[in-house]
Amino acid sequence: MAAKKETYSQAMERLEKIVRQIDNNELEIDELGEKIKEANEIIAFCSGKLTKADKEIEKLLQEKRQSEE
């Protein structure tokens with residue numbers, strides 16, 4: 001689960017660590033399922049952050065265009 005107040009960068013670092021562990025076969029089969037679940041939660045968290053940032057940027061650009069008219 002994504003930690004409270006976790007930044008996008010921190011979440012990506014956690015995700016990259018999980019991917020490295022999977023790639024290097026460092027996980028026991030019992031851990032694998034949990035790590036994949038955690039990775040999915042991190043991906044959802046990051047996707048939400050990106051979507052929110054995209055909407056905020058679009059809003060700012062619209063406001064800028066309107067103020068220039």
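What follows is a short dialogue about salt bridges and burial in this predicted model.

Tutor: Residues are numbered from 1 along each chain as its sequence is written. In this predicted model local features need pLDDT of at least 70, side-chain atom pairs count only at pLDDT 80 or more, totals for chains, interfaces and linings use all residues, and side-chain values use heavy atoms, with hydrogens and water left out.

Student: Why is glutamate 6 called buried?

Tutor: Buried means under 20% relative accessible area, exposed over 50%, and partly exposed in between (1.4 Å probe, protein chains only). Glutamate 6 has 7% relative accessibility, so it counts as buried.

Student: What makes the pair of glutamate 38 and arginine 14 a salt bridge?

Tutor: The term asks for a side-chain nitrogen of Lys or Arg within 4 Å of a carboxyl oxygen of Asp or Glu. Here the N to O distance is 2.7 Å, so the pair fits the definition. The two residues sit 24 apart, glutamate 38 in helix 2 and arginine 14 in helix 1.

Student: And which label does each partner get, buried or partly exposed?

Tutor: Glutamate 38, at 19%, is buried, whereas arginine 14, at 23%, is partly exposed.

Student: Why are glutamate 38 and lysine 35 about one helical turn apart?

Tutor: Because they are three residues apart in helix 2. Helices here are DSSP runs (H or I, at least four residues; strands are E, at least two), numbered from the N terminus. Their side chains also form a salt bridge, at 3.7 Å.

Student: Which residues are linked in a network of salt bridges?

Tutor: Glu6, Arg14, Lys35 and Glu38.
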